[in-house]
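This report concerns the internal spaces of a protein model and one acidic residue within it. The structure is shown first.

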Amino acid sequence: MIRAIQDIAALGLQTLRSAPQLRRRRAQVVGHFYQMANASLLMSCILSLFIGGVLALQSGPLLVERGLSFVIGQLVGLSMCRELAPVMMAILMAGRIGSAITAELGSMKVYEEIDALLTMKIHPVPYLVLPRLTAILLALPLVVVFSILVGWTGGALVSVMNQDIGITLQAYGSALRSGINFMDLAQGLLKSLVFALLIGLVSCFHGLRTRGGPRAIGQSVTQSVVQSIVCILVSDYAITRLFVFVE
Amino acid sequence: MKPPPNKGVELQIHDLHRSFGHNSVLRGISLTIPAGCVFVIMGSSGSGKSVLLRHMVGLEAPDQGTILFDGVSILDAQAMAQIELAIVFQHGGLLHSLSVGENIGLYLTETLGLPPREVNDRVNQAIEQVGLSVTQDKHKLPADLSGGMKKRVAIARALAINPGILFYDEPTSELDPITAVTIGRQIRQLNQRHGTTSIVVTHDRDLALGIGDQIAFMTQGTLSRPQSPAELSQTTELAVQDFLQAGTREDYQIDSNPS
């Protein structure tokens, strides 16, 4: 476990050292970014719409009953911004994108493609890891921002249309505006960046260390997804604690 | 633009040892492969041939021993940068996300940083040298190619590097006998045309005897003295004799009265 953490950190450092090659790799970055965004946006839209809706549906009637209907927009807004959008989207990315990265690099390792690169004096970190890590660092914050907006919309739809809540769109909107500040958005974006870094590194690490046949690729993918999710939840607590301390 | 011809490179190995856990895979391998020759390392599956090859190309580090290319140690990264080596992997090792042309030009664009026009010329030249079609095959993905074509593309990719020494790992495995002969003829032809030292690791005895200038037989991590195909056919070593003579019709007969 400690060895794996050390190796993942070492991979992170190697990738950072290869960052000057980023300009040369921009076509690859754009290609991976497009694939990642394309694979995540529809699913993130569906998830976020229902998460926002469920939040409003669960809390709305209780808050209205206690005369706190003006809090609904704020509650949905803050929950989506600070916690649900970054964590849920990161878990979605770990499952869809992280697993795909591990499977692709794992099969490249098993079928001698990475060995072929090494014999051609092409290092796999700048050639394979750097573009994928950069792409996920760009894609996840974008998906999170999108998820926040769609989540707010889901919350608004339920708050306005549900008879047990029945607040106006203006009331929802003004609660949202008054309850959300820059730090809330910054927290969500910082989390998404940290999660993207962790998903990218964990999935590339497991892909590159795959040994054996097709079964080993499957094992690497499982390990990669599970470890990414654990990393997401642990770091989520750490970042939240940091912001609580700062505020 | 045609690259300058690369003269063959001499390879020397001294006392190479490698173990994986308690399993000793290479047990003191020493050999000298002269520049420009086709050298075949033959042996049965699991004898350590591929592990030896991975050491020769620097993909594995030995526990003990040295590997020298024209007197330069494989560990001397700066000096090794001047020596172009290439390998044709058993399964081709082609990048599946890249087209045939991109695979062949990968070293030229990524490592040498050549301009696109020169890369294109050299890629086309390599494609033609292995008997593929620039118009039909260059833009195909590896998934669309047959086993034999994949091997040819892998050879073309190695040729584009213009290597001084070229390694082949089981170049005829998974191929039908006719395609295997075509590949073998191509290895020989390329060696004669460019003078590149060619090292072929195989368990295909027809290929070994057909193309090898010198053949060494590998058994349980040790390598026999290199011999010419004619000498090898006359050998008195039992393991080599068994290997060379296996596969007659009698070998397939099932004993109907086992004692």
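The sections below treat the basis of the values, the cavities, the pockets and the acidic residue.

## Basis

The model is predicted; local features require pLDDT of at least 70 and side-chain atom pairs pLDDT 80 or more, while totals for chains, interfaces and linings use all residues. Side-chain values use heavy atoms, without hydrogens and water, residues are numbered from 1 along each chain as its sequence is written, and chains are lettered from A in the order in which they are written.

Spaces are found on a 1 Å grid over the protein atoms alone: in a cavity a 1.4 Å probe fits but cannot get out, a pocket is an open set with protein on both sides within 12 Å along at least five of seven lines, and lining residues have an atom within 4 Å of a point. Points are joined across faces, edges and corners, and a volume is the space filled by probe spheres set on them. Helices (H or I, at least four residues) and strands (E, at least two) are DSSP runs numbered from the N terminus. Ala, Val, Leu, Ile, Met, Phe, Trp, Tyr, Cys and Pro count as nonpolar, Asp, Glu, Lys and Arg as charged, and the others, Gly among them, as polar.

## Cavities

Two cavities of 30 Å³ or more are counted. The largest has a volume of about 50 Å³, and its lining includes Met120(A), Ile87(B) and Arg157(B). That lining comprises eight nonpolar residues, one polar and one charged.

The second largest cavity, of about 40 Å³, has five nonpolar, four polar and no charged lining residues. Helix 7 of chain B provides the largest share, four residues.

## Pockets

The largest pocket holds about 970 Å³ of space. Of its 31 lining residues, Lys109(A), Asp115(A), Leu208(A), Arg211(A) and Arg54(B) lie nearest its centre; by class, the lining has 15 nonpolar, seven polar and nine charged residues.

In the second largest pocket there is about 480 Å³ of space. Helix 3 of chain B contributes most to its lining, with six residues.

## A buried aspartate

Asp169(B) belongs to strand 7 (residues 165-169) of chain B. This residue is buried (under 20% relative accessible area, 1.4 Å probe, protein chains only). Asp169(B) has no salt bridge (a side-chain nitrogen of Lys or Arg within 4 Å of a carboxyl oxygen of Asp or Glu). The nearest side chain of opposite charge, Arg54(B), is 6.8 Å away; Lys and Arg count as positive and Asp and Glu as negative, with His and the chain ends not counted.

Beyond four places in sequence, the contacts of Asp169(B) (heavy atoms within 4.5 Å) include Glu112(A), Ser50(B) and Phe89(B).

Methods
Buried < 20%, exposed > 50% of the residue type's maximum accessible area, 1.4 Å probe, protein only.
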